[in-house]
Amino acid sequence: MRFQDPSTAAPREPTLAEQRARQQAAVAERERAAQAEQARLAAEQKSDSRRKLLIGSGVGLGLVGLVAGWYLVKPDDVTAVCTDAEGTVVANDDYCDEDYVNSHGGYVSGGFMFLPMPGGGMQQYRYNYGGSGTPGTQVQGGSYNKPSGANISTKSGKSIQRGGFGVSGGSFGKSGA
């Protein structure tokens with residue numbers, strides 16, 4: 001037959017070979033879809049672990065930078081020793097305290113504290129920064145120049161200057177220069 005009328009022609013049943021081929025094609029398509037899904041999940045997991053690793057590395061690097069930065073700007077701790085005009089360490093740190101000197105009739109000038117002596121005249125005191133010594137001995141080492149940006153305290157624990165960000169030598173403290 002050369003011509004079939006589509007309105008009257010009925011489709012023929014597929015052959016057994018055609019049915020098997022269609023079933024095998026459907027199974028192969030399902031396997032390809034399952035493999036594609038498995039590959040997508042593996043790629044997604046790899047991407048997530050890579051992203052987490054990069055985030056963790058960034059956080060770790062940031063913390064290391066923060067700690068390193070703190071150590072770069074961390075103020076030094078300096079001990080101030082009260083000395084007289086000859087550089088002898090005195091027992092009473094109050095002789096170098098501006099409030100104490102003013103309340104006892106003395107005055108402060110250029111970092112030097114002048115206290116009245118019992119027989120008349122004035123005795124001069126000032127801080128030595130970073131030096132050491134016991135009362136009655138000459139101070140060893142240190143400087144009479146106030147270090148800027150440092151935490152300065154006396155041997156008795158009194159804070160003279162608190163260091164830190166933006167602190168310069170003349171910004172805080174009561175005595176010394």
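Modeller: Before we start, one convention: two residues are in contact when they have heavy atoms within 4.5 Å. Also keep in mind that this is a predicted model.

Colleague: Got it. Which residues does Tyr125 touch, leaving out those up to four places away in sequence?

Modeller: On one side of the list are Cys82, Thr83, Asp84, Val90, Tyr95 and Cys96. The rest are Gly111, Phe112, Met113 and Leu115.

Colleague: And how do I read the nonpolar core? Which of its residues touch the most other members?

Modeller: The general idea is that nonpolar side chains tend to be buried together in soluble globular proteins. In this model, the largest nonpolar core has 14 residues, and Tyr125 is among those that touch the most other members, along with Ala80, Cys82, Tyr127, Tyr129 and Ile152. As for the strands, β1 (77–84), β3 and β4 each give this core at least two residues.

Colleague: Let's do the sheet. What is its strand order?

Modeller: Reading across, you get β2-β3-β4-β1-β5-β6, an open sheet of six strands with mixed pairing. The edges are β2 and β6 (159–161), each of which pairs on one side only. On average, neighbouring strands are turned by 30 degrees against each other, direction ignored.

Colleague: How do β2 and β3 pair, parallel or antiparallel?

Modeller: Antiparallel, with three bridges between β2 (residues 107–109) and β3 (residues 112–116). To follow the register, look at the bridge partners: Tyr107 goes with Phe114, and Ser109 goes with Phe112. These two strands make a hairpin with two residues between them, and Gly110 in that turn has a positive phi of about 60 degrees.

Colleague: What about β3 and β4?

Modeller: Antiparallel again, over four bridges, with β4 covering residues 122–129. Our friend Tyr125 turns up here as the bridge partner of Met113. That hairpin has five residues between its strands, and Gly120 in the turn has a positive phi of about 115 degrees.

Colleague: Now the charged side chains. How many salt bridges are there?

Modeller: Side chains of opposite charge can pair when their charged atoms come close. The count here comes to six salt bridges. Take Arg32 and Glu29, whose closest N and O atoms are 2.7 Å apart.

Colleague: Why are Arg32 and Glu29 about one helical turn apart?

Modeller: Because they are three residues apart in helix α1 (residues 16–73). Both are partly exposed: Arg32 has 49% relative accessibility, and Glu29 has 44%.

Colleague: Which side chain does Asp48 meet in a salt bridge?

Modeller: Asp48 meets Arg51, at 2.7 Å from N to O. They also sit in helix α1, three residues apart, or about one turn of the helix. Asp48 is partly exposed at 27% relative accessibility, and Arg51 is partly exposed at 44%.

Colleague: And Glu18 with Arg12: is each one buried or exposed?

Modeller: Glu18 is partly exposed, with a relative accessible area of 31%. Arg12 is exposed, at 60%; the cut-off for exposed is over 50%. Their side chains meet in a salt bridge of 3.5 Å, N to O.

Colleague: Which residues are linked in a network of salt bridges?

Modeller: That would be Glu37, Arg40 and Glu44.

Conventions:
Residues are numbered from 1 along each chain as its sequence is written. This is a predicted model: local features need pLDDT of at least 70, side-chain atom pairs count only at pLDDT 80 or more; totals for chains, interfaces and linings use all residues. Side-chain values use heavy atoms; hydrogens and water are left out. Two strands pair if DSSP finds at least two bridges between them. Axes are lines fitted to C-alpha atoms, for helices over the stretch in contact, and angles run from 0 to 180 degrees between N-to-C directions. A nonpolar core is a set of buried Ala, Val, Leu, Ile, Met, Phe, Trp, Tyr and Cys residues joined through side-chain atoms within 4.5 Å. Buried means under 20% relative accessible area, exposed over 50%, partly exposed in between (1.4 Å probe, protein chains only). A salt bridge is a side-chain nitrogen of Lys or Arg within 4 Å of a carboxyl oxygen of Asp or Glu.
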